[in-house]
Amino acid sequence: MAALLEFAKAPKFKVRAYLRAVEVVDTVADLAPLVEQGRLAELEGIGASLSRQIEELWNTGGSQFLERLRRELPEGASELIQVEGMTPRRLRALVDALGIRSVNELRAACADERVRTVPGFGQKTEQHLLAACDRWLHRGEEVPLPTLVSKALERAAVLEHELSSATERLQLVGDLRRGQETVRELEWVVLGSTSEVLQRLGSLRQVLRLEPELGRAHLSEALKLQLHSATAETWGNALVLATGNDAHLAALGKRAAERGVSLQGWGEPSDGTPARQFASEQALYAALGLPLIPPELRNGRDELVRAAQGELEQLVAEPDIQGFVHCHTSYSDGRNTIAEMAEAAHALGMKYLTITDHSPSAHYANGVSLDRLKQQWDEIAAVQESSPVRLLRGTESDILADGNLDYPDSILEGFDVVIASIHARHRMDRATMTARLTRAMSLPLFKIWGHGLGRILNHRDAIDCDVLAVLDALAGSRGAIELNSDPHRLDLPAEWIPAARERNIPFVVSVDAHSTRGLGVLRYGVLMARRGGLLRSEVLNTEPAARFAALVRPTQR
Ligand SMILES: [Zn+2]
Ligand SMILES: [Zn+2]
């Protein structure tokens, strides 16, 4: 009402009275007794007229006055006023200057860059309004967010248990087997008829397809189940078909054709060669002169070539990791002490642990100031006396807005390891962000680029920057890249791994743990390392403690 009154050029005092009423009503914990006893006018700033209107809204859910305001306004105004960032003053200006009468028209005006021609509107406002129009036009039709790999694997484990009582043999396939960051579907190949298996499952929300060869159902709003049927004879074909992406399957088909092999499931061979069935994936790949290709790499990039050269035997795997990199303690925003983290790392079979709490400018995370740093180093030394796990004194230093790190060089060189990450000002424009990161990555001491693009899956987009330029800077100054295993981050995203490999930049697979429980995320980081095709020799924390410590020491290079 206040917005519409303002738009209708009602006297200012009237608009202010409505705005004040909103504030006053907001402070009242329970309006019901006041309304029922007719005592609304006792509230400061609520007179007889406003109290009647609040009563009407309370009792009927509507207001005749509001309806009248809407009717009297130009067409579309009551719709336009709902667009985020649309103030009555802006609306008046746009209606007067451009004659806009609907959100669709406003959107078109923004897209045609006409809004910026109206006095008081700039390019930025125009862009914000354009995005706000899109949100308004698409309100209520959001697709549910995809499921994070961590949650999907948990759900899959439970379901697999249930499935195993409905079929003799099953294998997880699809996006999850390839270790994708988020999935919308859990898929298995099962022995026998999928409709029979599906009918024996208890936990389905809604069945979508029930056929002997293919079964689909909703597990929840966001997650579907898909079952593929196979026989023992076609088991290998079915697994390969349901795991690889289209590009991988096409590459296999091409290689098969070159070798005069016809694979069942890849379409009718033109020359009438009998299509071959394989009981295992190994047998199918072997028929094409290849070793078994790890599922995470079946993405149609260069995996066939690398597999044929025998390179993929060296693909990094979870047991290769010897130390936990990137751990927070109660010195900053972690939950556990140094001793507790060391003990947990030992229990998990690790040989070393880097203590990398936040740096001072990270106020929100209780960043470690210089005097507390001294205290922390003393504590690390004390814990080290009784811990078999080698403890490295590190920091996760903020990359400041200008690209500098948070501690002076003399302090930075005193650490055993330095991770450099962005924690604030994520929304710089591309050029400024690229300059900030290339500056940080060019600093001449060895550092690890922490959670590179700052994304939070399903929540915050990656920062905008020229990643290849940053990689060039990092390669020039000799640094490393973190693959952050936190399933909400999985950052630097795996799609950048090939470009980093080309530049000979080494990696760490880090846990970014804020508690002993947080150490359990390593597997997700290893999955992404494998998706990016990283070999053991390219991951620094596959090295023994002494070698790792020597490799990451932040001395000038
Ligand atoms: Zn961080
Ligand atoms: Zn961290």
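Is Arg89 buried or exposed, and what is its relative accessible area? Arg89 is exposed, at 67% relative accessible area. Keep in mind that this is a predicted model.

## The positive patch

Arg89 doesn't sit alone: together with Lys12, Arg16 and Arg20, Arg89 forms a patch of positive charge on the surface. Helix H2, spanning residues 12–27, supplies the largest share of that patch, with three residues. Arg89 itself belongs to helix H7, which covers residues 88–98. Its exposed label follows because 67% is over the 50% cut-off.

## Backbone oddities

Now for the backbone. Most residues other than glycine have a negative phi, and most peptide bonds are trans. A few spots here go the other way.

Start with Arg478, in the loop that links helix H21 (467–477) to E13. Arg478 isn't a glycine, yet its phi is positive, at about 60 degrees. On the other side of strand E13 (480–484) comes the loop leading to helix H22 (497–502), and Leu492 lies in that loop. The peptide bond joining Asp491 and Leu492 is cis, with omega about 5 degrees.

## Asp512

Asp512 is another non-glycine residue with a positive phi, this one near 45 degrees. Look for Asp512 in the loop between strand E14 (507–510) and helix H23 (522–531).

How does Asp512 count, buried or exposed? Asp512 counts as buried, because its relative accessibility is 7% and the cut-off for buried is under 20%.

Technical notes:
Residues numbered from 1 in each chain as written. Chains lettered and ligands numbered in written order. Predicted model: local features only at pLDDT ≥ 70, side-chain atom pairs only at ≥ 80, totals over all residues. Heavy atoms only, no water. Helix = DSSP H or I, 4+ residues; strand = E, 2+ residues; numbered from the N terminus. Buried < 20%, exposed > 50% of the residue type's maximum accessible area, 1.4 Å probe, protein only. Patch = residues over 30% accessible without salt bridge, like charges linked within 9 Å, V, L, I, M, F, W, Y side chains within 5 Å. Areas by Shrake-Rupley, 256 points an atom, 1.4 Å probe, with all protein chains shown as cover. Salt bridge = Lys/Arg side-chain N within 4 Å of Asp/Glu carboxyl O. Lys, Arg positive; Asp, Glu negative; His and termini not counted. Charge placed at Lys NZ, Arg CZ, Asp CG, Glu CD.
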